[in-house]
Amino acid sequence: VALGFIESMLDGRVRAEHLPALELRVGAERIAVGDGPPAATLSAEPFELFRAFGGRRSVSQITAMDWTGDPAPYLAVFETSPLAPPERPLVE
């Protein structure tokens, strides 16, 4: 259920920012959000993905996640969400 919420929210944000599609690899799941072929892929365990989109990972922590492709264009998706990243890294 939570993964479906993230997928829906992310799809809307990627489209609103006019970004190329993004692929999420969450465990065995492969989810594409946005339109067209993915320009980048973010691979993460569910816990880390939920933390990243839930305001519990800083921009530096998000950038350091397992990305294929350039994460920079997608940082706006995290920074403009209701649960924006904290200024300093959080260690949990």
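## R57, a buried arginine

In this predicted model, R57 counts as buried because its relative accessibility is 6%, below the 20% limit that defines a buried residue. R57 is found in the loop between α2 and α3, the latter covering residues 59-63.

The side chain of R57 makes a polar contact of 2.9 Å with the side chain of E48. E48 also appears among the residues in contact with R57 once neighbours within four places in sequence are left aside. That set further includes F47, R51, A52 and I62, together with P85, P86, L90 and E92.

## Confidence in the model

The mean pLDDT of the protein chain is 89, and 98% of its residues reach 70 or more. Among the elements, confidence is highest in strand β4 (residues 66-68), with a mean of 97. The lowest value belongs to helix α4 (residues 75-79), where the mean is 86.

## Overall architecture

The secondary structure of the protein chain comprises four helices and four strands. Read from the N terminus, these elements follow the order α-β-β-β-α-α-β-α.

The C-alpha trace spans about 35 × 25 × 25 Å along its principal axes. The radius of gyration of the protein chain is 12 Å, which agrees with a compact globule, because a globule of 92 residues would have a value near 12 Å. Of contacts between residues at least 6 apart in sequence, 50% join residues at least 24 apart.

Buried residues account for 38% of the 92 residues. The protein chain exposes about 5,100 Å², and carbon and sulfur atoms supply 56% of that area.

## The nonpolar core

The largest nonpolar core has 24 residues, of which L10, L22, L24, L49, F53 and W67 touch the most other members. Two or more residues come from each of α1 (2-16), β1 (22-26), β2 (29-33), β3 (40-44), α2 (46-53) and α4. Helix α1 gives the most, with five residues.

L22 illustrates how residues meet in this region. Not counting residues up to four places away in sequence, L22 touches L10, I31, A32, V33 and P38. The same list continues with A40, T41, L42, W67 and Y74.

## W67 in strand β4

W67 lies in strand β4, the element with the highest mean confidence. W67 is buried, because its relative accessible area of 12% falls under the 20% cut-off.

Apart from neighbours within four places in sequence, W67 is in contact with L22, A40, T41, L42, I62, Y74 and F78. The C-alpha atoms of W67 and A40 are separated by 7.0 Å, although these residues stand 27 residues apart along the chain. A polar atom of the W67 side chain lies 2.8 Å from the backbone oxygen of I62. I62 is also in contact with R57.

## H18, an exposed residue with positive phi

H18 is located in the loop between α1 and β1. H18 is exposed, since its relative accessible area is 70% and exposure requires over 50%.

The backbone of this residue merits attention. Most residues other than glycine have a negative phi. H18, which is not a glycine, has a positive phi of about 55°.

Key:
Residues numbered from 1 in each chain as written. Predicted model: local features only at pLDDT ≥ 70, side-chain atom pairs only at ≥ 80, totals over all residues. Heavy atoms only, no water. pLDDT = per-residue confidence, 0-100. Core = buried A, V, L, I, M, F, W, Y, C linked by side-chain atoms within 4.5 Å. Buried < 20%, exposed > 50% of the residue type's maximum accessible area, 1.4 Å probe, protein only. Contact = heavy atoms within 4.5 Å. Rg over C-alpha atoms; globule rule 2.2 N^0.38 Å. Areas by Shrake-Rupley, 256 points an atom, 1.4 Å probe, with all protein chains shown as cover. Polar contact = N/O pair within 3.5 Å; in protein donor to acceptor, adjacent residues only side chain to side chain.
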